[in-house]
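Q: Please take a close look at a single part of this model, and describe it together with what surrounds it. Which part would you choose, and what can be said about it?

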Amino acid sequence: MARVADIGLKNHSVYNPHGWAFNMRCSAKKKAIYTVIEKIAAPFCDKIICISDAEKQSALDNKICRD
């Protein structure tokens with residue numbers, strides 16, 4: 001988790017997920033855990049760059065970040 005490791009440093013952090021873990025085929029419990037992890041980690045980066053409109057919409061639908 002590079003985003004968390006950057007806490008306290010004056011670096012800019014850009015995150016490119018290459019697919020959200022909560023969109024994988026797995027149990028609802030795992031999807032919920034992955035969603036919570038992303039929600040916690042998102043504020044520690046300056047920008048999130050999604051690889052597609054679908055990935056962006058998924059992030060917005062799951063309230064990972066703002067538009």
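A: K63 lies in the segment after α3, where helices (H or I, at least four residues) and strands (E, at least two) are DSSP runs numbered from the N terminus. This is a predicted model, in which local features need pLDDT of at least 70 and side-chain atom pairs count only at pLDDT 80 or more, while totals for chains, interfaces and linings use all residues. Residues are numbered from 1 along each chain as its sequence is written, and side-chain values use heavy atoms, with hydrogens and water left out.

K63 comes just after α3 and has a positive phi of about 55 degrees, although K63 is not a glycine. Most residues other than glycine have a negative phi. With 63% relative accessibility, K63 counts as exposed; here buried means under 20% relative accessible area, exposed over 50%, and partly exposed in between (1.4 Å probe, protein chains only). H18 also has a positive phi, near 55 degrees, and is a residue other than glycine. H18 sits in the loop between β1 (14-15) and α2 (28-41), and its relative accessible area of 61% makes H18 exposed.

I64 is likewise found in the segment after α3. I64 is buried, at a relative accessible area of 6%. Its C-alpha atom is separated by 7.5 Å from that of T35, and the two residues are 29 apart along the chain.

The helix before this segment, α3, spans residues 53-61, and in it E55, S58 and A59 are buried. Seen down the axis of α3, these buried residues fall within an arc of 100 degrees, so they line one face of the helix; the arc is that of the directions from the helix axis to the C-beta atoms. An α-helix has 3.6 residues a turn, so residues three or four places apart point the same way. Exposed residues D53, A54 and D61 are carried on the face of α3 turned away from the buried side.

K56 is also found in helix α3 and is partly exposed, with a relative accessible area of 36%. K56 forms a salt bridge with D67, and the closest N and O atoms are 2.8 Å apart; a salt bridge is a side-chain nitrogen of Lys or Arg within 4 Å of a carboxyl oxygen of Asp or Glu. The pair links distant parts of the chain, with K56 in helix α3 and D67 in the segment after α3, 11 residues apart. Between their C-alpha atoms the separation is 8.2 Å. D67 counts as exposed, at 74% relative accessibility. A search of the whole structure finds one salt bridge.

D67 also belongs to the largest pocket. A pocket is an open set of points on a 1 Å grid over the protein atoms alone, where a 1.4 Å probe fits, with protein on both sides within 12 Å along at least five of seven lines; lining residues have an atom within 4 Å of a point. The largest pocket is lined by 13 residues, and K47, I48, C65, R66 and D67 lie nearest its centre. At least two lining residues come from each of β2 (47-48) and α3. By class, the lining has eight nonpolar, no polar and five charged residues. Ala, Val, Leu, Ile, Met, Phe, Trp, Tyr, Cys and Pro count as nonpolar, Asp, Glu, Lys and Arg as charged, and the others, Gly among them, as polar. About 300 Å³ of space lies in this pocket, a volume being the space filled by probe spheres set on the grid points, which are joined across faces, edges and corners.

A search of the whole structure finds zero disulfides, a disulfide being a pair of cysteine sulfur atoms within 2.5 Å. C45 is in no disulfide, and the nearest cysteine sulfur, that of C65, is 7.9 Å away. C45 counts as buried, at 12% relative accessibility. C26 is in no disulfide either; for C26 the nearest cysteine sulfur is that of C50, 18 Å away. At 26% relative accessibility, C26 counts as partly exposed.

Outside the segment, A21 lies in the loop between β1 and α2. A21 counts as partly exposed, at 23% relative accessibility. A21 and E38 are 17 residues apart along the chain, and their C-alpha atoms are separated by 8.9 Å.
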